[in-house]
Amino acid sequence: MTELYDLHSHSNASDGALSPTELVLRAQGQGVTALALTDHDTTAGLQEARLAAEQAGIRFIAGIELSASFENHCLHIVGLNIDPQQPDLVQGIAKQQYTRDQRAQKISEKLAKKGIPDAYPILRQVAGNGEITRLHFADFLVAQGRVASQQEAFDRYLSKGKPAYVPTLWASLPECVAWITAAGGVAVLAHPLRYKLSTKWINKALVAFKAAGGQGIEVVTGRASVDDIRLSYLHAAKHDLYASQGSDFHAPGNPYLELGRLAAMPTGAMPVWQLF
Ligand code: AMP
Ligand code: MN
Ligand code: MN
Ligand code: MN
């Protein structure tokens with residue numbers, strides 16, 4: 001049987017719409033045979049997902065997506081095949097969660113100044129024990145009738161330079177990679193083209209990432225074009241990195257961004273799953 005790997009996905013432990021169990025069942029329904037759950041700065045969904053995957057008979061890879069500060073940028077580092085109990089990682093995640101919660105309160109204050117009160121207490125309830133992300137704020141703004149879509153919420157309020165944007169100092173790139181490595185995992189730079197970095201800066205980031213022990217880069221992501229894949233693969237080849245693939249699925253409803261719906265990995269790429 002050929003495996004279908006999807007190594008980037010979200011549950012309602014962060015900004016996904018589905019519970020870990022629902023996510024696993026949907027992945028199975030889409031033909032995924034090996035799934036990584038990679039919620040933002042949390043491992044809270046992993047235990048439930050692992051159980052569901054065992055019952056569904058698909059392979060489960062414990063993962064996380066850490067927000068990392070690099071110079072003035074926020075990069076996302078996916079950790080794959082991690083031990084969620086490893087103390088360095090557990091402590092690191094606790095710091096990230098504190099940063100996230102403080103930021104959510106600040107975003108809420110900024111929205112209140114724009115005449116949109118109470119976002120934080122409402123979203124704290126919505127997220128439960130999970131992490132509040134800007135996607136929660138986007139959905140909140142849609143629900144309040146302030147904007148028509150998530151995209152409009154980012155464009156008018158949440159993106160860099162907009163009124164409710166809060167610059168955030170996340171853990172550094174080397175720290176995030178170190179936590180993942182300490183936890184026995186493989187660090188992968190997520191969606192390298194989404195940061196809109198110049199060639200000079202992406203190379204700078206990848207040199208720092210490798211020096212810190214990073215081993216992989218996402219080459220095939222949901223909705224990536226042939227050109228995107230080629231360019232990401234060139235980054236992988238230049239920096240001698242393993243290639244990962246993952247949909248970055250958050251919610252049903254977008255047929256172009258679905259679990260397991262991924263283009264083929266370029267020939268010549270070293271698949272990251274060789275490492276686990
Ligand atoms: P955060 O990590 O809290 O800054 O939230 C980032 C999350 O917001 C990402 O993981 C995406 O799920 C979502 N996001 C970011 N930009 C957009 C956008 N332009 N449209 C829709 N969702 C977005
Ligand atoms: Mn997200
Ligand atoms: Mn991301
Ligand atoms: Mn993601």
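Let me begin with Leu80, which, in this predicted model, touches Leu7, Ala36, Thr38, Ile61, Ala62, Gly185, Val186, Val188, Ser244, Val272 and Phe276, once residues up to four places away in sequence are set aside. Leu80 also belongs to the largest nonpolar core, which has 64 residues, and there Leu80 stands with Leu7, Ile77, Leu189 and Phe209 among the members that touch the most others. If you ask which strand gives the most to this core, the answer is strand 3, residues 59-70, with seven residues. There is also a second, separate core, made of 21 residues, and it includes Tyr120, Ala138, Ala153 and Ala164.

Staying with the packing for a moment, please look at Leu37, which lies in strand 2 and which, at 1% relative accessibility, counts as buried. Leaving aside the neighbours within four places in sequence, Leu37 is in contact with a set of residues that includes Ser9, His10, Ser11 and Leu23, and also Phe60, Ile61, Ala62, Gly63 and Ile64. The C-alpha atoms of Leu37 and Asp248 are separated by 9.5 Å, although these two residues are 211 residues apart along the chain. Please keep Asp248 and His10 in mind, as I will return to both of them with the metals.

So, to the manganese ions, and I will take ligand 4 before the others. The manganese ion (ligand 4) is coordinated by His8 through NE2, His10 through NE2, Glu65 through OE and Asp248 through OD, at 2.1 to 2.2 Å, and along the chain these donors follow the spacing H-x1-H-x54-E-x182-D. Within this site, His10 and Asp248 link distant parts of the chain, His10 being in the loop between strand 1 and helix 1 and Asp248 in the segment after strand 8, 238 residues apart. Are these two donors buried or exposed? His10 is buried, with a relative accessible area of 0%, and Asp248, at 7% relative accessibility, counts as buried too.

The manganese ion (ligand 4) is separated by 4.5 Å from the manganese ion (ligand 2). For ligand 2, the protein donors are Asp15 by OD, His40 by NE2 and His250 by NE2, lying 2.1 to 2.2 Å from the ion, with the sequence spacing D-x24-H-x209-H. His40 sits in the loop between strand 2 (34-37) and helix 2 (46-56), while His250 sits in the segment after strand 8 (242-246), so the pair ties together parts that are 210 residues apart in sequence. His40 is itself buried, with a relative accessible area of 8%.

One of the contacts of His40 is Ser14, which is found in the loop between strand 1 (5-6) and helix 1 (20-29). Ser14 is buried, with a relative accessible area of 2%, and, leaving aside neighbours within four places in sequence, Ser14 is in contact with Asp39, His40, Thr42, Glu131 and His136.

That leaves the manganese ion (ligand 3), which lies 5.6 Å from the manganese ion (ligand 2). Which protein residues are the donors of ligand 3? They are Glu65 (OE), His76 (ND1) and His191 (NE2), lying 2.1 to 2.2 Å from the ion, and their spacing along the chain is E-x10-H-x114-H. Glu65 is in strand 3 and His76 in strand 4 (residues 73-80), eleven residues apart, and both Glu65 and His76 are buried. You will recall that Glu65 is also named among the residues that coordinate ligand 4.

In the segment after strand 8 we also find Leu257, which counts as buried at 14% relative accessibility. Leu257 touches Arg223, Ser247, Asp248 and Phe249, not counting residues up to four places away in sequence, so that we come back to Asp248, a donor of ligand 4.

Finally, a word on a pair of helices. The axes of helix 3 (residues 87-113) and helix 4 (residues 119-127) come within 8 Å and cross at roughly 140 degrees, and the two helices are therefore oblique to each other. Helix 3 contributes Asp101, Ala104, Gln105, Ser108 and Leu111 to the contact, and helix 4 contributes Ala119, Tyr120 and Arg124. By character, the residues of this contact divide into four nonpolar, two polar and two charged. Tyr120, you may remember, is also included in the second core.

Note on methods: Residues numbered from 1 in each chain as written. Chains lettered and ligands numbered in written order. Predicted model: local features only at pLDDT ≥ 70, side-chain atom pairs only at ≥ 80, totals over all residues. Heavy atoms only, no water. Core = buried A, V, L, I, M, F, W, Y, C linked by side-chain atoms within 4.5 Å. Buried < 20%, exposed > 50% of the residue type's maximum accessible area, 1.4 Å probe, protein only. Helix = DSSP H or I, 4+ residues; strand = E, 2+ residues; numbered from the N terminus. Contact = heavy atoms within 4.5 Å. Axes fitted to C-alpha atoms, helices over the stretch in contact; angles between N-to-C directions. Parallel < 35°, antiparallel > 145°, perpendicular 65-115°, else oblique. Nonpolar A, V, L, I, M, F, W, Y, C, P; charged D, E, K, R; others polar. Donors = N, O, S within 2.8 Å, 3.2 Å for Na, K, Ca; no water.
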